[in-house]
Amino acid sequence: MSGKASISQSSTGFGSGALSHVYIKHPPLRCSIPGSMGLFYDDGTKLLISTTSTQVFSWKTVPFSPLAAPTTDSISEGPILAVRFSLDEKLIAVQRSNSEIQFWLRETGETFCQKCKSESESILGFFWTDCPLCDIVVVKTSGLDFYSYDPASKSLTLVETRKLNVSWYVYTHESRLLLLASGMQCKTFNGFQLSSGGVIRLPKFEMLMAKSEANSKPVLADEDLYIVTVYGRIYCLQVDRVAMLLHCYRFYRDAVVQQGSLPIYSSKVAISVVDNVLLVHQVDAKVVILYDIFADSRAPISAPLPVLLRGLPRSNSSTSRSNGRESENSETSNANYHETIIYGDDWNFLVPDLVCDVANKLLWKIHLDLEAISASSSEVPSVLEFLQRRKLEANKAKQLCLAITRTVILERRPVNMVGRAMDVIVTSYSLSIKTGSYFKGTKAERRPTGVPNVNNPEAGTDVSVSQTDGRGKSIKFESNSRHNSGLINRSSTYSASDSEDTGSSEPLKTNLDDTPETQPSSLQPQTLGPVNNLVNHDVLEQQETQLATPAISPDEMYKFVFAPVDEEMVGEPSYLVAIILEFLRSANVEKVKVHPNIYVLTIQLLARSERYAELGLFIINKILEPSKEVAFQLLESGRQNPQTRKLGLDMLRQHPLHNDYVLLLVQDGYYLEALRYVRKHKVTGVRPSLFLEAAFSSNDPQHLAAVLRFFSDFIPGFRNTTDFCAYYRVLSEMNGTVNA
């Protein structure tokens, strides 16, 4: 797992010399409430919740804002094991005990309770759902109760009960996937997906667990399981502390397939997902390892590095002018110190991309440093593939791709390697055009709302994914709620989309905004030179709110890669010609329309090195597609080569660009030929004065007479124009001079 990390360019870094590929940004969201009894994260509504004995404070986490103000609701006093808002946020449900859930109508303050009917069963947790069967699901040790809410009677109605033995459960709202653990080792699972098409029961399965000793059988705990969604595919990640492996399971409608394992190097592991990149936090070692499992690769993207804190204000206590000021700065410095303990004991990771510092009541958002990741590998095509799959920071990924491409050309890397890079860029653009994502507006953060239809009768398909996430578990650890759904959230970000899969079952594509990728690859941890010289940052920054994908169009390739490289590159232009031809080859394969400026630049480069024979072959074989711009460049470059100029004239005639062709014939002195062309092709819009001036310049009265006669016949009313009168008088004078 070798790799070279870049140094992040933040003003203030914290941790391991500021070497990192992942960072959190100061300031965090502060959720400190006097008298707080616990913190909870509700993944269904994306709310961070803090409770006192009589109040519920909630902060929206999407879009993430450190300045978000809490909303306050009053409840009656009592124990609080779990809190969840209904998906429309009109009701608050509070689990009071292992047998009772209390509900509040936020608008009126009315309340009602739901209790277990049998004393032999206890409530493990509950969650709201948008499944058409029910509104809320209560998970008990004896199975599942599906309830619908009746606004008229302000009560719950039992819709269905499923009897099962349940030790604990894991649920994410994004996947709508519910896993129920049972058995002596809690490694046997029943699975359900509460989709828009109804409740889908998945096959029963068992998870792998290594034996620690001959007579010792480890027991799987709910904190050992994470349901994540990556590229539209649902995975369950299971921590095996005995084998020191992270087992990966993928879910299909008719099967659960174990798809390899990732090594872990810490007894305590946490999972995050940022922009479809899997982050495995080795908490004891205080580092994070990144995986891009788009192509089911198990190789890490880069070397393990710690999380970096950015934006921490510098202490200015040394410049204080008073003891009071020094004391204040000292307190601020101490507070900042406690806030910035990376991988602290009270850090709880909330999948997909949040981490809560329970002790300091802080919520951080996890970010990827795309520039640092790009600089950690020298395998340019793989780096470009990785960047082209990023959606959350599409603008940054696009800038990096442009800068990397320009750099490798300026460094004159091998043509075949740069050709593979061109394949990546063109293929990504082609895919974005076919799916419509290239022109689709997006924002850096959004709250997905759509739910796909997964009621597909076809067997062998993926369990589908919707666009919200999480399992709202309390961040506060309590001894009497180990198996309660109120412990730690396990959820996933909205996904890109599914990709081609090599499994035995056919994957079901989701209806998410992002598009499926069809060229799987993995990033190997190698070394890449710096790419700090991002191209035209201001121009691309203006496109931020319009970018849904980092795909690069041929026009952008010309503006931000080929044209700047042509200006900077010195020496023989044959290398740049070879690179452009690789780009044209890729565009031809993908049937992508190339901007004429690229053809024009190719002609200029070939003419600059006097490779007119090759240029002629490129035109004849239509490697350079005909257009008005290409024709004019051939005429310009053909000043030193008549054959090239003839190619330009022929292109104008064949395209057809009649007016331009006629104008050039006149400028070259072939005005009589131009008149014959005008008559044959019935060209309109020509200016008689141009022909008359050319004929007059020839000092040949017969030619001038022919031109006057042509336009008199060709244009009705021409004899009444000032041009006719003026040149008829000139013709008379010329004839008089000849007769004399």
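P352 sits in the loop between strands β27 (347-350) and β28 (354-357). This is a good place to begin a tour of this predicted model, because cis peptide bonds are the exception: most peptide bonds are trans. The bond that joins V351 and P352 is cis, with omega about 20°. A second cis bond runs from H26 to P27, and its omega is near 5°. P27 also has its place in a loop, between β1 (22-25) and β2 (29-30).

Two other loop residues deserve a look for their backbone angles. Most residues other than glycine have a negative phi. K46 is not a glycine, yet its phi is positive, about 60°. K46 lies in the loop between β3 (38-42) and β4 (47-51). With a relative accessible area of 8%, K46 is buried. E89 likewise has a positive phi of about 60° without being a glycine, and its place is in the loop between β7 (82-85) and β8.

**The chain as a whole**

Stepping back, the protein chain holds 17 helices and 29 strands. Of its 740 residues, 56% are buried. Among contacts with a separation of 6 or more, 59% are between residues 24 or more positions apart. The chain exposes about 31200 Å², and carbon and sulfur atoms supply 50% of that area.

**A covered strand and its two hairpins**

Strand β9 (residues 100-105) is mostly covered, with six of its six residues buried. Which residues cover its two sides? E100, Q102 and W104 are on one side, I101, F103 and L105 are on the other, and all are buried.

β9 has a partner in β8 and another in β10. Strand β8 (residues 91-95) runs antiparallel to β9, and five bridges join them. In this pairing A93 stands opposite F103, and a hairpin of four residues connects β8 to β9. Strand β10 (residues 111-115) also runs antiparallel to β9, again with five bridges. Here E100 stands opposite K115. The β9-β10 hairpin has five residues between the strands, and G109 in the turn has a positive phi of about 80°.

**An open sheet**

Elsewhere, four antiparallel strands make an open sheet in the order β19-β20-β21-β22. The edges belong to β19 (225-230) and β22 (256-263); each has a single partner strand, so one side of each has no neighbour in the sheet. From one strand to the next the twist averages 30°. At one edge, six bridges join β19 to the antiparallel strand β20 (residues 233-240), where I227 has C236 as its bridge partner.

**An enclosed helix**

Helix α3 (residues 380-388) has nine of its nine residues buried, so it is largely enclosed by the rest of the structure. Those buried residues, among them V380, L384 and F386, pack against β24 (277-282), α2 (370-374), α4 (394-410) and α5 (415-435). F386 has a further role in the picture: R390 lies over the face of its ring, 4.5 Å from the ring centre. A similar arrangement brings R310 over the face of Y23, at 3.9 Å from the ring centre.

**Aromatic rings**

The model has 20 aromatic pairs. Two of them are set side by side here.

| Pair | Type | Centre to centre | Angle between planes |
|---|---|---|---|
| F562 and F583 | edge-to-face | 5.5 Å | 75° |
| F724 and Y728 | stacked | 5.5 Å | 20° |

What does the pair of F562 and F583 tie together? F562 lies in helix α7 (residues 554-568) and F583 in helix α8 (residues 574-590), so the pair links parts that are 21 residues apart in sequence. F562 and F583 are both buried.

F724 and Y728 have their rings stacked, because the planes stand at 20°. These two residues are four apart in helix α17 (residues 722-739), a separation of about one helical turn. An α-helix has 3.6 residues a turn, so residues three or four places apart point the same way. Are F724 and Y728 buried or partly exposed? F724 counts as buried at 10% relative accessibility, while Y728 counts as partly exposed at 46%. Ring pairs also link F724 and Y728 with F710, F711, F714 and F718 into a cluster.

Methods. Residues numbered from 1 in each chain as written. Predicted model: local features only at pLDDT ≥ 70, side-chain atom pairs only at ≥ 80, totals over all residues. Heavy atoms only, no water. Phe/Tyr/Trp six-rings, centres within 6.5 Å; stacked < 30°, edge-to-face > 60°. Buried < 20%, exposed > 50% of the residue type's maximum accessible area, 1.4 Å probe, protein only. Lys NZ or Arg CZ within 6 Å of the ring centre and 35° of its normal. Pairing = 2+ DSSP bridges. Contact = heavy atoms within 4.5 Å. Areas by Shrake-Rupley, 256 points an atom, 1.4 Å probe, with all protein chains shown as cover. Axes fitted to C-alpha atoms, helices over the stretch in contact; angles between N-to-C directions.
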